Amino acid sequence: MKQHQDITKDRELLLGLAKGEDKSLEIIYSENFPVVLRMILQHNGSEDDAKDIFQEAIIILYEKVQNDDFSLSSRLKTFLYSVCRHLWLKKAQRNYNMYSLSQDLEEIIPATEEVEAHQAKDQEFRIMESALQNMGQPCQTILEDYYLHKKSMQEIAEKFGYTNAENAKNQKYKCLMRLKKLFFDKYKTL
Amino acid sequence: MKDDMILLHEIERYLEGEMSEAERIAFDELRRTNPIIDQQVAEHQLLLQQLEQFGNRKNLQAKMDAIHNNLDIPQLRNQAQAENQLAKRLTIRRRTITNLAAAACIALVTSLSTIAVMQHEAKKKSTAQYEDVRRVLNNIQRSQNVLINDFNNKRRAPANPGTYGGTGFAVSGNGYIVTNCHVVAGADSVYVLNNKGEAYKAVSVFEDISSDLAILKIADSSFKGQPLPYSLKSQNLKLGEEVFTLGFPRDEVVYGKGYISAKTGFNGDTTAYQVSIPVNPGNSGAPLLDSKGEVVGIVTGKQTTSDGIAFAVKSAHLKHLLDEMPKDKQVRKDLSHKNHLEGLNRVDQIKKLEEFVYMIKVYN
């Protein structure tokens, strides 16, 4: 009964997360982070490791709840915990010389699917990130302001000192073309 | 360059639905006929989608960082470390206890088994050297016919060959027989057989476990007593004196000859002799006689570690025992009369003696 209630509560939290509600994110974060922190510390990790791993797990969760067909089969805590274990295992394997792997981490954790699906998306994210960074200022800011922060061309023109919105728009198109080139150069070699 | 920008502008308008109906139809037509433009549209769509996802994720990460910064990290860390240490200590303690328990078990088993083995060895050491020479009669088989015949002839022992066998000899004319205590131990019933094949039922009337002697009395009314030809020697024999015995190691009476090899018995027992004489299972309770035909002892057992060493209880001890018996069971003092065997040669001695040596059969 209790577990059932927990899952119901978890579902509500996930719905909130999908809608981008800050409150849900905050609850999920603060309730689950201590457990993951403890696990990472136990396996020779640092606080920063715990933060990175946990946030990556939340991103995986976020990407999954964006899909409509996602349904939680286990408790949220269990899901996050096993994804974090898996991520940490992978990281520890990468830096094999850095960390000695403890025995109990090497057991099979049923989170492989989630983590591998995430990795493709993660790569796209990295390409976009580096493309944006390589464009330089003010292009990066103009594109971020227009496409991500949804500012109007008028605001952007004022911010960057363009005489009118039309000029700013032309500048934006130039930047977009460069971004397109930078992004697809790498994206197509994927 | 300029054219590209115009195209981009158009694509954006197309995707965002800012075009008028006519423009959109024209653009659709353009996409259909010009694959390059179609590809540009698809790429643009993908780029914007990627850009949006990037933005979402950035946004999420920023939010998470904010939440993370609000958490009391040092406190969480301390808590986590404390819990980890506790868990570790518990694991170590559990492991230690398990190991200790295993070690203790092994130590216990080892010491117990050592003690058991040592005790067993110590016991075996003394018993192993001494062996009773009663005979286990499991090699004799009788047919059903014999069993039926048995009803017609009451003079014979029951068809069952008996479980154990030994030897005994008369110590009085009226049916008292001496044998070894271990021959009749645990007996349900005892039969004695003489050299003519006549069997009599006997009962044990006195047993002395310490010297391993038992006195039997023939309980059959058909038994007729006769005077004994030999007497009981009360003095101890000297070392090296020649002795002989008659016993039943098999169904036939067997003669054996030897000499006194020591004045004490097994483990320095002063009531017995050590005799160098061939002794086999079944000889238990056989009389030991000197060259004059006087009874000097009763064969009881032999040493297993070396051949030809037997032990016999001294006749003086038997005499002592007979004197000590309760009055109502008193043996007639037949043994103190004159010895009739003196001066005869061995063959004649044995001939006279035979009648008074019995095979003892024990059923249990």
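Q: Axes are lines fitted to C-alpha atoms, for helices over the stretch in contact, and angles run from 0 to 180 degrees between N-to-C directions. With that in hand, at what angle do α2(A) and helix α3 of chain B pack?
A: We're looking at a predicted model. The partner helix, α3(B), runs over residues 35-70 of chain B. The two axes are 10 Å apart, and the packing angle is about 55°.

Q: Which word describes how α2(A) lies relative to α3(B)?
A: Take the angle of about 55°. Under 35 degrees would count as roughly parallel, and 65 to 115 as roughly perpendicular. The angle fits neither range, so α2(A) is, relative to α3(B), oblique.

Q: Which residues of α3(B) make the contact with α2(A)?
A: The crossing of α2(A) past α3(B) is right-handed. On its side, α2(A) brings A:D22, A:L25, A:E26, A:Y29 and A:S30. Facing them from α3(B) are B:K63, B:M64 and B:I67.

Q: How many residues in the contact of α2(A) with α3(B) are charged?
A: Let's sort this contact by class. Four of its residues are nonpolar and one is polar. The charged ones number three.

Q: Now zoom out to the whole meeting of the two chains: which helix gives the largest share of the side of chain A that touches chain B?
A: Here 30 residues of chain A are in contact with 27 residues of chain B. On the chain A side, α2 (22-42), α3 (47-66), α5 (112-135), α6 (139-148) and α8 (165-187) each supply at least two residues. The largest share, 11 residues, belongs to α2(A).

Q: How many residues of the side of chain A that touches chain B are nonpolar?
A: Split that side by class. You get four polar and eight charged residues. The nonpolar count is 18.

Q: What secondary structure does chain A contain, helices or strands?
A: Along the sequence, the pattern reads α-α-α-α-α-α-α-α. The strand count is zero and the helix count is eight, which leaves us with helices.

Q: Inside chain A, is α2(A) parallel or oblique to α3(A)?
A: These two helices pack at about 130°, with axes 9 Å apart. Roughly perpendicular stops at 115 degrees and roughly antiparallel starts over 145. An angle of about 130° falls between those cut-offs, so α2(A) is, relative to α3(A), oblique.

Q: Which residues of α3(A) make the contact with α2(A)?
A: This is another right-handed crossing for α2(A). From α2(A) come A:Y29, A:F33, A:V36, A:L37, A:I40 and A:L41. From α3(A) come A:E47, A:D49, A:A50, A:I53, A:F54 and A:I58.

Q: Which residues of α4(A) meet α3(A)?
A: Helix α4 covers residues 76-94 of chain A, and its axis comes within 9 Å of that of α3(A), crossing at roughly 125°. The two helices are therefore oblique to each other. On the α3(A) side you'll find A:I53, A:F54, A:E56, A:A57, A:I60 and A:L61. They meet A:L80, A:V83, A:C84, A:L87 and A:W88.

Q: Over to chain B: how far apart are the end C-alpha atoms of residues 97-118?
A: The UniProt record, an unreviewed entry, annotates this span as "transmembrane region". In the model, the span is 100% helix and 0% strand. Its end C-alpha atoms lie apart by 31 Å.

Q: Is B:D212 buried or exposed?
A: You'll find B:D212 in the loop between β6 (199-208) and β7 (213-218) of chain B. Its phi is near 60°, a positive value in a residue other than glycine. Most residues other than glycine have a negative phi. With 23 C-beta neighbours inside 10 Å, against a cut-off of 20 or more, B:D212 counts as buried.

Q: How far apart are the C-alpha atoms of B:N339 and B:Y230?
A: B:N339 sits in the loop between α7 (315-324) and α8 (346-353) of chain B. Leaving out residues up to four places away in sequence, B:N339 touches B:Y230, B:S231, B:K292, B:G293 and B:E294. B:N339 and B:Y230 are 109 residues apart along the chain, yet their C-alpha atoms are separated by 4.7 Å.

Conventions
Residues are numbered from 1 along each chain as its sequence is written. Chains are lettered from A and ligands numbered from 1 in the order in which they are written. This is a predicted model: local features need pLDDT of at least 70, side-chain atom pairs count only at pLDDT 80 or more; totals for chains, interfaces and linings use all residues. Helices (H or I, at least four residues) and strands (E, at least two) are DSSP runs, numbered from the N terminus. Two residues are in contact if their C-beta atoms, placed from the backbone, lie within 7 Å. Ala, Val, Leu, Ile, Met, Phe, Trp, Tyr, Cys and Pro count as nonpolar, Asp, Glu, Lys and Arg as charged, and the others, Gly among them, as polar. UniProt positions are given in the numbering used here, feature names are shortened, and annotations may be inferred rather than shown by experiment. A crossing is left-handed if the near helix is turned anticlockwise from the far one by less than a right angle, and right-handed if clockwise. A residue is buried if 20 or more other C-beta atoms lie within 10 Å of its own, exposed if 12 or fewer, and partly exposed in between; C-beta atoms are placed from the backbone.
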